[in-house]
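Please take a moment to look over the sequence and the model together before reading on. The paragraphs below lead through two places in it, one after the other.

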Amino acid sequence: TVAKVKGPQGDSEFFIGTYADISEQKAAEERMRQEAYRDSLTGLANRLHLQSALARALALARREKRGLAVLFLDLDRFKAINDTLGHAVGDSLLIAIAGRLSQCVRASDIVARLGGDEFVVVLCDDQSCATAARTADKIRQQLSLPYPIDTHLVNTTPSIGISLFSRDGTDLATLLKHADEAMYHAKSSGGGRYMFYADLPAT
């Protein structure tokens, strides 16, 4: 801040400047923002961040008439891994899963952990059915490779459900719900595969 000091005639004679270093305050604010929007275990976007980021992506897709794909992932046999090898190994597995997921998509896409062993990937920018299928298959292959954790070699596979804007829904809740339903069918069909919501049997 700068204060002006006037002389007897009312003219400015000099100025007094003061400053305060607020870098620590800004760093603390940034840490709080990260904690509010990031999953504490994996560093991925959390549910709150996913909701706001997906809402923005949907608005852009509507405005520019682009496609968008939502992939809902659940790990096969994760509960058994946790129960037999312990939660520390389970947490390490989730961190490794997050790393592999992030490497399978572009920087413009969204990768989030909803909680437990549930993850969501949002493919932005004119995603077609074929592109979503290729990405889902790449994720399936990468996540199915063994994970060396401590003295263990852990194996799991992902079940993936896919919904497409605007074929399978035009709002956040519907797209997530339909991708979740497709994931459930992929898991009940044996796991380690992906399914599109549009391909589910009629009920």
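**The largest pocket and a buried aspartate**

In this predicted model, the lining of the largest pocket draws at least two residues from each of two elements, helix H2 (47-64) and strand E4 (110-115). Helix H2 gives the largest share of that lining, with three residues. The lining consists of 13 residues, and those that lie nearest the centre of the pocket are Arg38, Ala107, Asp109, Ile110 and Val111. If the lining residues are sorted by class, seven are nonpolar, two are polar and four are charged. The space inside the largest pocket comes to about 180 Å³.

The second place to visit is Asp76, which is found in the loop that runs between strand E3 (68-75) and helix H3 (78-85). Is Asp76 buried or exposed? Its relative accessibility is 6%, and because a residue under 20% is classed as buried, Asp76 counts as buried.

What does the side chain of Asp76 meet in this position? One polar contact joins the side chain of Asp76 to the side chain of Ser159, at 2.7 Å, and another joins the side chain of Asp76 to the side chain of Lys187, at 2.8 Å. Leaving aside residues up to four places away in sequence, Asp76 touches Thr156, Thr157, Pro158 and Ser159, and also Lys187, Gly191 and Gly192. Ser159 and Lys187, the partners in the polar contacts, are thus also found in this list of residues that Asp76 touches.

Note on methods: Residues are numbered from 1 along each chain as its sequence is written. This is a predicted model: local features need pLDDT of at least 70, side-chain atom pairs count only at pLDDT 80 or more; totals for chains, interfaces and linings use all residues. Side-chain values use heavy atoms; hydrogens and water are left out. Helices (H or I, at least four residues) and strands (E, at least two) are DSSP runs, numbered from the N terminus. Buried means under 20% relative accessible area, exposed over 50%, partly exposed in between (1.4 Å probe, protein chains only). A polar contact is a pair of N or O atoms within 3.5 Å; within protein, one must be able to donate a hydrogen and the other to accept it, and residues adjacent in sequence count only if both atoms are side-chain atoms. Contact means heavy atoms within 4.5 Å. On a 1 Å grid over the protein atoms alone, a cavity is a set of points where a 1.4 Å probe fits but cannot get out, and a pocket is an open set with protein on both sides within 12 Å along at least five of seven lines; lining residues have an atom within 4 Å of a point. Grid points are joined across faces, edges and corners, and a volume is the space filled by probe spheres set on the points. Ala, Val, Leu, Ile, Met, Phe, Trp, Tyr, Cys and Pro count as nonpolar, Asp, Glu, Lys and Arg as charged, and the others, Gly among them, as polar.
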